[in-house]
Amino acid sequence: FTDTPLLAKTLVMCLGCLLTLASLYLFRIWTKWYIVPLLILIGSSAVLNKHAVELLSEIPYALLTVLSLLLLEKSYREPRSKLLFWLAVFVSVLPMNCRSIGIAFSGAFIIANLINKKYRFVIAHCAVLAGAIVFFKMLTSWNTPYVLQLLQVNNYDPEQGYASVSQMIERVFTNISNYSSRILPDALIPSFTRAHAYVAGPLGVCMSLLIGVGCARNLFLPSRLISFYAVFYCGVLSLWQAQWSSGRFLAGIMPFLFFLLFIGISTIWEFFIEVIKQTAGAIGAVFSKRPLSRISAMHVTVLTILAVIFALDNIGAQVSYGEQRKQSTRDWANFNSCADWIRLNTPKDAIVVSRKAELVYLRSHRQGMLYPFSHDKEKVIAEIKKQHASYILVDGFFWTGTTQRYLYPALAAHPELYRIVYALRNPDTFVLQIVNK
């Protein structure tokens with residue numbers, strides 16, 4: 001919507017506020033007892049708030065999924081409203097077109113509506129989704145890079161080829177271990193996790209199990225779509241390459257993880273009550289109850305206290321994040337300085353090769369491209385020429401080595417292709433002008 005980073009960040013922040021508000025209205029439909037503790041968790045979440053001030057798609061994606069479920073529930077309650085029906089269907093296809101992992105939401109939407117015997121939603125969703133995919137691919141390309149990257153051994157080194165079945169199985173177990181013992185607790189209670197790393201693992205596994213219990217219980221409740229969504233979403237995460245595993249990928253589903261965590265706690269609470277009452281078949285008695293209708297005031301109080309504890313921990317983490325964000329690392333400072341130089345000293349129609357073409361565009365207002373991840377030097381140079389690039393921003397990023405691995409060798413093999421027009425040290429960062437296209 002805008003080329004100005006500040007306005008773009010303001011837009012994402014507003015969407016973050018709308019996410020909290022939409023979550024309030026959605027969860028109030030299913031479990032009004034959870035509203036206060038859920039709002040405390042969603043509003044204070046360090047993961048959500050961190051991504052609400054960054055130019056990433058996690059917050060818009062999360063908002064679209066919550067809005068879709070809210071409209072779906074409204075449409076269920078007003079079956080004669082064609083406007084609500086088509087609005088719910090239209091919004092339900094947007095998550096997949098916002099982020100590729102939205103395929104998990106579409107899958108959950110279809111299966112839940114099949115179980116609920118809402119067949120017209122299934123048919124309409126599939127039809128509109130197919131049309132949306134064709135429309136967006138016409139605007140971009142017919143490539144499916146994320147599907148291919150999912151199957152690659154290492155997307156940063158595509159020439160390693162695709163993963164075998166045994167490698168995919170190993171990847172699944174690695175991701176389950178990483179997310180349950182490290183990434184999930186860091187997303188829920190970041191300050192405590194980083195101060196007490198030895199406790200984080202067992203605590204994270206316990207919270208994962210509670211979410212799993214909540215997911216199973218929720219299958220018997222009207223909000224069952226969330227359970228299917230969480231299973232499909234986490235299934236895709238478990239198949240993703242392990243070097244990508246991070247709290248960022250939990251941000252898009254955090255409101256639902258909070259919801260399932262509370263249902264898991266409530267289920268365990270009710271189970272022990274049934275055990276104390278010496279109820280025969282305590283598990284069946286708990287799971288057969290309709291939506292958590294007998295939650296006591298003590299239960300709600302405990303959940304609220306737990307939410308406040310989590311919130312205080314997250315607020316502390318956000319203060320720490322704020323201090324860190326004030327100090328840009330040297331690699332990013334040099335990268336941004338080069339992008340600023342490009343904005344001030346190059347033609348507006350210049351095309352820039354870089355590691356982060358999107359950020360170069362926002363900073364320099366110049367179109368760009370990512371260089372190929374290939375050890376074939378001639379292939380890298382050929383692609384640069386094919387795209388009619390006129391400048392190259394050679395970064396010194398600490399967090400990735402792809403520029404040194406792929407771009408440096410290609411440039412070293414063709415020194416006649418360019419000349420240095422701007423340079424910074426510590427780390428070495430350059431702007432090269434292509435003189436021999």
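**Figure 1. Glu 73 and its salt bridge in helix α4 of the predicted model.** Glu 73 is buried, with a relative accessible area of 7%. Its salt-bridge partner is Arg 77, and the closest N and O atoms are 2.8 Å apart. Arg 77, in contrast to a buried residue, is exposed, with a relative accessible area of 52%. The two residues are 4 apart in helix α4, so about one helical turn separates them.

**Figure 2. The salt bridge between Arg 363 and Asp 340.** The closest N and O atoms of this pair are 2.8 Å apart. Arg 363 belongs to helix α19 (residues 357-364) and Asp 340 to helix α18 (residues 330-345), so the bridge ties together parts that are 23 residues apart in sequence. Arg 363 is partly exposed, at a relative accessible area of 35%, while Asp 340 counts as buried, at 19%.

**Figure 3. Arg 99 and Glu 58, joined by a salt bridge.** The N to O distance between the two side chains is 3.1 Å. Arg 99 sits in the loop between α6 (94-98) and α7 (103-115), and Glu 58 in helix α4 (residues 58-77); the pair therefore ties together parts that are 41 residues apart in sequence. Both Arg 99 and Glu 58 are buried. Salt bridges with shared partners join Glu 58, Arg 99 and Arg 248 into one network. The structure holds 7 salt bridges.

**Figure 4. Phe 27 in the largest nonpolar core.** This core has 75 residues. Phe 27 is listed among those with the most contacts inside the core, along with Leu 225, Tyr 229, Leu 250, Met 254, Phe 256 and Phe 259. Leaving out residues up to four places away in sequence, Phe 27 touches Lys 32, Ile 35, Leu 38, Ile 42, Ile 226, Pro 255, Phe 256 and Phe 259. Another core, of 18 residues, lies apart from it and includes Val 380, Ile 381, Leu 432 and Ile 434. In soluble globular proteins, nonpolar side chains tend to be buried together.

**Figure 5. A nonpolar surface patch that includes Leu 312.** Val 308, Leu 312, Ile 315 and Val 319 make this patch of about 360 Å². Leu 312 lies in helix α17 (residues 297-325) and is exposed, with a relative accessible area of 58%.

**Figure 6. Cysteines without a disulfide: Cys 14 and Cys 215.** The structure holds 0 disulfides. For Cys 14, the closest cysteine sulfur is that of Cys 17, at 6.3 Å, which is too far for a bond. Cys 215 is in no disulfide either, and the nearest cysteine sulfur, in Cys 234, is 7.9 Å away. Cys 14 is partly exposed, at 44% relative accessibility, whereas Cys 215 is buried, with a relative accessible area of 12%.

Definitions and conventions
Residues are numbered from 1 along each chain as its sequence is written. This is a predicted model: local features need pLDDT of at least 70, side-chain atom pairs count only at pLDDT 80 or more; totals for chains, interfaces and linings use all residues. Side-chain values use heavy atoms; hydrogens and water are left out. Patches are made of residues with over 30% relative accessible area and no salt bridge: like charges are joined within 9 Å, nonpolar side chains (Val, Leu, Ile, Met, Phe, Trp, Tyr) within 5 Å. Accessible areas come from the Shrake-Rupley method with a 1.4 Å probe; for residues, only the protein chains shown count as cover. A salt bridge is a side-chain nitrogen of Lys or Arg within 4 Å of a carboxyl oxygen of Asp or Glu. Buried means under 20% relative accessible area, exposed over 50%, partly exposed in between (1.4 Å probe, protein chains only). A disulfide is a pair of cysteine sulfur atoms within 2.5 Å. A nonpolar core is a set of buried Ala, Val, Leu, Ile, Met, Phe, Trp, Tyr and Cys residues joined through side-chain atoms within 4.5 Å. Contact means heavy atoms within 4.5 Å.
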